[in-house]
Amino acid sequence: MRIFLIGIAALLLAASPAQAQDALDHAAETLKLDPVYVAPDAERGISDSEADDLRAQISDDEAGPLYIAVLPESADDETGDDPVAGLRKIAETVDAPGVYAAVIGNSFRAGSVGDDLPRGRTGELARQALTAKQSEGTAAVLSEFVRLVGKARGGEGSSTGVGPAGGAGDGSDDGGGRGWLLFAGLAAVLGVFGLSRRRRRRREQAAAFERVRTVARDDVIALGEEIRALDLDVELPETDAQAKQHYGVAVECYQQAEQALERARLPEDLEPVSEQLEAGRWEMEAARARMEGRDVPDRRPPCFFDPRHGPSVTDVEWAPPGGQPRSVPACAADAVRIGDGREPDTRHVPVNGREVPYWAAGPAYGPFAGGFFGGGLVPGLLVGSMLAGDGGLFGGGEEAAAADAGDFGDFGGGGDFGGGGDFGGGGDF
C-alpha cells in the first residue's frame, strides 16, 4: 500500500511475489471491515454496484460470515500459482471463522474455517455455482454462491445423517436423539456467540474508521480555510505569477482531497486524502514564500509530530516512550523543542475516551498517515517496529487491542483447510 522510492535499483529489484503478497494482504485487511473486496486490476472484476448487491445479499440471505475477494491472476505468484493457497492465506490473515471465496484470475475457489457447514460442503457449493452461472459472468457466479451458502446454512438440502436406518428417525433411540439435540443446541449457542463477537469487532473497526475519517475531514476543512484566507492577496494584480500558480495547485489538491474523503469507505481510502493534503500544504507554503519574496522551500515531508505544522525543515533523532530512537522530519518549532530536551507538539486523537498520539492510535490510522509520509520521502518510517516497541508504529495502540480482543480460539480447527483438499472447491471460468 505504501511505496518507498529508495532508488532505481530497489525499483528494479521489486519482484512479483512481493506484489502478490501485497495484493493478498491488502485484500485480507479490507475483508476485516468489508465482506466483499474487488481489486481494481482483477481480470474478472465486477462493478461497484454488483459488489454492493453481493454485500446486501450476504446480509439478506443470512449467508454470513462470508468473505469474497476478486483478485488479479498476479496474486497467485506468491503462492506458486495455487489459488487455494492464496485463499488460505487470506483466511488466515482475516483470522475469523466463516466461509471464504476468491476469484483469482480465472480461478474460483472457496472453503470454510470453523464454520457450521459440513466438511467439504463449501467447495461443493462453489462448484455448483460455477456450473450453473458461469455463462452469465463473475457477478452471477458469486451471487449464486452466496444464495447457496445461505440456503445451506438455513438447513435446506442438508443431511443430518439421522433417519430410519439409525433408529433416530422413528424415536426408537431416545438417548441418541437427546444427544444430537444437545450437540445441536451447543453448536447453535456457540455459533450465535461467535457471530455476535464478529459483529462487535466489525462495529469497533467501523467506529475506528469513523474517528479517522473525522480527523481527515478536520484536516481538509483546515486546508480550505487556509486557502480562503490567502484568496484576496492572490487576486491582487501585483501578486507574483508563480505564487498564483502554486496557489492554483493548492486549490486543486484541496478539491481532490475533498472528493477522496467523500468516497472513502475504508481506512485505505483515506491515504489519497492525506496525499493531497500534504501536496496542498506545500503548495501553500510555496505560494506564501513567493508572495513574501522568499525562496520556495525544498519539498520535504511534513512534520512527523503533527503534519498540520506543514513541511519539515530538518530531521531530528527522537524516540517514543519505550521505543527505539529514529530520525524523523520535524518543523522548526518541534526541532527546537527536542533540541532543548522538551516534548514536541504532538498531534493527539481520541481513542477509547482519551487522547493518544496519532501514531499510536491503532491500525486504522496507518493508511491516513501513510499518505503524508509515503512515496519514499521517509523510507521505512511506517514499516515494522521502527518506532514503537510493541508491534509497530501503528500496531500497538488501544484500538488494535480492542479489535484483537476475544479471538475465536484455535483458528482453523474444524475447517476445510488441508485434509485432502476440501478447501478449494470450485473451478476455472
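Biologist: A crossing is left-handed if the near helix is turned anticlockwise from the far one by less than a right angle, and right-handed if clockwise. Is the crossing of α5 and α6 left-handed or right-handed?

Modeller: This is a predicted model, in which local features need pLDDT of at least 70 and side-chain atom pairs count only at pLDDT 80 or more, whereas totals for chains, interfaces and linings use all residues. Residues are numbered from 1 along each chain as its sequence is written, and side-chain values use heavy atoms, without hydrogens or water. On that basis, the crossing made by α5 and α6 is right-handed.

Biologist: At what angle do the axes of α5 and α6 cross, and is α5 oblique or roughly parallel to α6?

Modeller: The axes (lines fitted to C-alpha atoms, for helices over the stretch in contact, with angles from 0 to 180 degrees between N-to-C directions) of α5, residues 121–133, and α6, residues 138–153, come within 8 Å. They cross at roughly 140°, and with under 35 degrees counting as roughly parallel, over 145 as roughly antiparallel, 65 to 115 as roughly perpendicular and the rest as oblique, α5 is therefore oblique to α6. The contact (heavy atoms within 4.5 Å) involves residues including L125 and A129 of α5 and F145 and L148 of α6. The angle and the class asked for are thus roughly 140° and oblique.

Biologist: How many helices and strands are there in the protein?

Modeller: Both are DSSP runs numbered from the N terminus, helices being H or I of at least four residues and strands E of at least two. Counted in this way, the protein has 12 helices and nine strands.

Biologist: Which residues of α11 meet α9?

Modeller: The axes of α9 (residues 271–291) and α11 (residues 366–373) come within 7 Å and cross at roughly 30°, which means that α9 is roughly parallel to α11. In passing α11, helix α9 makes a right-handed crossing. From α9 the participants are E271, S274, E275, L277, E278 and R281, and from α11 they are P367, F368, G370, G371 and F372.

Biologist: Which residues does L230 contact beyond four places in sequence?

Modeller: L230 is in helix α7, residues 174–235, and is buried (under 20% relative accessible area, with exposed over 50% and partly exposed in between, for a 1.4 Å probe and protein chains only) because its relative accessibility is 11%. One of its partners is Y247, which is 17 residues away in sequence and 8.6 Å away between C-alpha atoms, and which is itself among the buried residues of α8. With neighbours within four places set aside, L230 contacts Y247, M284, A287, R288 and M291.

Biologist: Where α4 ends and the loop towards β3 follows, which residue has a positive phi although it is not a glycine?

Modeller: V94 belongs to α4, residues 83–94, and is buried at a relative accessible area of 0%, while its C-alpha lies 6.7 Å from that of E29, 65 residues apart along the chain. The loop between α4 and β3 (98–104) holds D95, which is partly exposed with a relative accessible area of 25%. The residue with a positive phi, of about 60°, is D95.

Biologist: Is D334 buried or exposed?

Modeller: D334 lies in helix α10, residues 332–339, and, leaving out residues up to four places away, touches C303, F305, H309, P344 and D345. Since its relative accessibility is 0%, D334 counts as buried.
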